[in-house]
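Me: I would like to go through this structure with you in questions and answers, taking its charged pairs before its cores and its annotated site.

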Amino acid sequence: MASIWSLQFHSLCFPVSKHHRVFQFPNVVKLRNEFALIDAQLSSNRLSTNRNVQLRAVGSSDQDQPIKTETFAVALNTNDPVAEFQGFVTSLPPVVFVMKRYGGRNIAIGLCLAAAFLVIAVRAFMARKSRYKKPGSVADLVRRGQLRSDRRGISRPLKYEDPFNNPLVKVGKNNSTVEMCGKVYRLAPVTLTEEEQTIHQKRRSRAYQWKRPTIFLKEGDSIPPDIDPDTIRWIPANHPFATTASDIDENLAQNNVYQKHGVPFRIQAEHEALQRKLEALQSEQKLNNLVIDPTHAQDFERPFKLNSKSQEPVEQNPFSNQSGNSPRPPKSDQAPNAFRSNSSSSEEMQKP
Amino acid sequence: MLSLLHTPSTPLNRFSFSPKTLKSPKPQFLKTPVQSVLQWNRKPQLAGETPRVVVITSGKGGVGKTTTTANVGLSLARFGFSVVAIDADVGLRNLDLLLGLENRVNYTVVEVLNGDCRLDQALVRDKRWSNFELLCISKPRSKLPLGFGGKALVWVVDALKTREEGSPDFILIDCPAGIDAGFITAITPANEAVLVTTPDITSLRDADRVIGLLECDGIRDIKMMVNRVRTDMIRGEDMMSVLDIQEMLGLALLGVIPEDTEVIRSTNRGFPLVLNQPPTLAGLAFEQAAWRLVEQDSMKAVMVEEEPKKRGFFSFFGG
C-alpha cells in the first residue's frame, strides 16, 4: 500500500517538468529511482500506464548522467535555497489539477483525517476539562496525602438497590436454580413450620429456666432481703472488666446520658474547682503581698487584721470549701468513696 | 451459599418433603414460581416501630457476631436507614476495628456516664456513610460498673430516641460471647435478636442455650444467621446443611453466609465486606440478610449445593 501511495506521489510530482526537477531536487530523483524499482515490480497495477511514462523519464538516461546532474544540483542548492524553494513550489502541480484527477478519493481521505484529528482534539479537550472540573474533589485529598488512595473506590453508592435483583443474581428459567457471582446453586425450600417453631420454644422453656439477673454482688457480700436468689449475679472480685462498685451516682449518670447541650458535667465541675483553686491562690498571693509590703505603713494594721481572719481557712485547708461549694470535686482530688453509691447496686431491669 | 425469597404469601408448610440432607429428592415445589426477585430498584420497606433495637448474639465466640454487625449495619446504612451500632463487648471490643474507626473512638458510654462527655460526642460517625454511627460501651482497660450496665444501655436508647436529629431507624447491639454479665447488659434494651451460628455442633449447642435465655427474657422475635457455610463440605456430607441446622434450632432464617476469604481481607483493611466493589458472595448474602431484617422477613428457600454451570452451544466463543 505504501508503494502505491508513493507511486501516486511520484506521478503527481513528475509530469510538469522532469528536467527542472531533476536538476533542482536530487533527493526527489533518488526517490524516483526507488519508485521506479517498486513500480517495475508492481507492473500489474492499474496505474501502470502512467508510471511507465515516469519510469521512462527517469530511466531513459545512462548511468552517468544522473550522477552529473546530481552534483550540479547540489551546487545549485548551495547557491540559492530560496530559489530552490520557489522551484519546488512551481514544480508542484496545481491543486485544481490534482483535485480533478484524484479528487474524490483524496477528499474522502482528507475528510477522514480531519475528522480523526478533530475527534482526538475534542477528546483531549474534554479530558482536560473534566480533570479540572472539580478542583476540590476527594482525588485532590488523595494527591495531598490526606486520604489513603487504597481505601478509595470501595464505598461507592449502590448501583442496584435490591440485592435480590442485581446483575450478579440470576434466577434460572424453571426457578430451580439461581446463579450468583458466576456460580449456579440448586434451590431447596425451607420446611420449618410454625408448629415446629412452637414445639422448639416449648422444649427450650422446659429446658432453660432462667431469670435475668437484677442484682450484681461481689463474692462475700451478703444477700439483701426480699431478693430472689435466682436473680443474683455473682461477680468475682478480680473480674477483668466488670465491677460491682460504681463511683458515680445513678441519677447523676442518667442525667449525664440524657444531657444534650452544654458542657459535660464532670468537665464543668473540674473547671469550676480549678477556677476556685486559682482564685484562692490569687487571693493568698495578694494578701501575702499586702503583708510583706512594708511601704504602706498607714494601712499596715487593718490589712493585717483582715488578713489574719481571712487567711486562716485558706491556709489551713485550701480545698475544704471547694468540695462543699462545688457539686463535685475534681477528679484528681476526689476521694475514692466520696460519691460511691452502694457497692452492690441493684439493677432494676426495665424492659422498654 | 446464598438464599432467595418466595412471596411472603407462600405458606411455609406448603412443601411436604423434608430435605434433611443433600441427598434429598428434587423438590416438587419448583413448578411454582419462586418469587425471589423483588421489584426492581425499590427501597426496602421498614417494618415495625423505630428504633428497632436488635441484639446480635451467639453464645459461642468466633462465629461472626461482630462481622455480622458491621456488615448488616453498613448495608442498612446503604439502604438509606440511619443506624447506630453499639459495641457492647466490654472487655474485648472489636467492632471499631472491623469498621476502620479505631482511631476515632475517644469517648465511650463509660465516659458519658461519668460526665466526661455528652452522648453525641461519644457517637463516632462513619465518614463513608454518614447515617451510620458507632458507639462503644467502654475502653478495653476501663471497668464497667455492672450495677447499671443494662440500665445504661436503656438510657442510651432512650436518649437516642429523643435526640434532635431524629431517632435512628436501627440500633444494633453487638453482644459479647458467653452468657456473662456482658450478655445481660447487651440484651437488656433489645426487642429482637439475631442469632449467629456456624454449622458445627459446638456453636449449635451454645446457640440453643442462648435462644432459651432470650426467650426466658421475653425476646420472642429471634432469627438466625448461619455463617461460614461451605457448599463443598455440605455436598460431601462433612458439614450440616442449613436445613439441618434449622431443624435442630427451630428458628426462622435471616441469612446464610458462605465462607469467604474476603472476610479476612476486609477485616484487615477496616472495610466491611458489603462495601467491596465488585460485591462478593458473602457481601451479597449480608446485604440480603439486611434486606430481610428491614422487612422482618425470613428466608423461604435456601441454596443447598452448587451445580455445574450449563454451557450453551456458543459458550466456546464466549456466548
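Me: Are B:Asp297 and B:Lys300 buried or exposed?
Reply: This is a predicted model, and in it the side chains of B:Asp297 and B:Lys300 meet in a salt bridge, with 3.1 Å from N to O. As for accessibility, both B:Asp297 and B:Lys300 come out as buried.

Me: What is the distance between the closest N and O atoms in the salt bridge of B:Arg128 with B:Asp126?
Reply: Side chains of opposite charge can pair when their charged atoms come close. B:Arg128 and B:Asp126 are each buried, and the closest N and O atoms of their salt bridge lie apart by 2.8 Å.

Me: Which helices hold A:Glu250 and B:Lys151, whose side chains meet in a salt bridge?
Reply: The side chains of A:Glu250 and B:Lys151 meet with 2.5 Å from N to O. The pair joins two chains, because A:Glu250 belongs to chain A and B:Lys151 to chain B, and the elements that hold them are helix 10 (residues 250-258) of chain A and helix 5 of chain B.

Me: Why does B:Lys151 count as buried?
Reply: Its partner A:Glu250 has a relative accessibility of 25% and therefore counts as partly exposed. Buried requires a value under 20%, and B:Lys151 counts as buried because its relative accessibility is 8%.

Me: Which residues are linked with A:Arg203 and A:Arg204 in a network of salt bridges?
Reply: Over all chains the count comes to 22 salt bridges. In the network that contains A:Arg203 and A:Arg204, the other linked residues belong to chain B, namely B:Asp208 and B:Glu215.

Me: Which helix gives the largest share of the largest nonpolar core?
Reply: This core has 67 residues, of which B:Phe183, B:Leu195, B:Leu253 and B:Val302 touch the most other members. Another core, of 42 residues, lies apart from it and has B:Ile56 and B:Trp129 among its members. The largest share of the 67-residue core is seven residues, and these come from helix 5 (residues 149-161) of chain B.

Me: Which residues does B:Thr66 touch, not counting residues up to four places away in sequence?
Reply: An unreviewed UniProt entry lists several residues for "binding site", including B:Gly64 and B:Thr66. B:Gly64 lies in the loop between strand 2 (52-57) and helix 1 (65-78) of chain B, whereas B:Thr66 is found in helix 1 itself. At 17% relative accessibility B:Thr66 counts as buried, and with those sequence neighbours left out, the residues in contact with B:Thr66 are B:Asn94, B:Leu95, B:Leu98 and B:Asp174.

Key
Residues numbered from 1 in each chain as written. Chains lettered and ligands numbered in written order. Predicted model: local features only at pLDDT ≥ 70, side-chain atom pairs only at ≥ 80, totals over all residues. Heavy atoms only, no water. Core = buried A, V, L, I, M, F, W, Y, C linked by side-chain atoms within 4.5 Å. Buried < 20%, exposed > 50% of the residue type's maximum accessible area, 1.4 Å probe, protein only. Helix = DSSP H or I, 4+ residues; strand = E, 2+ residues; numbered from the N terminus. Salt bridge = Lys/Arg side-chain N within 4 Å of Asp/Glu carboxyl O. UniProt positions renumbered as here; feature names shortened; annotations may be inferred. Contact = heavy atoms within 4.5 Å.
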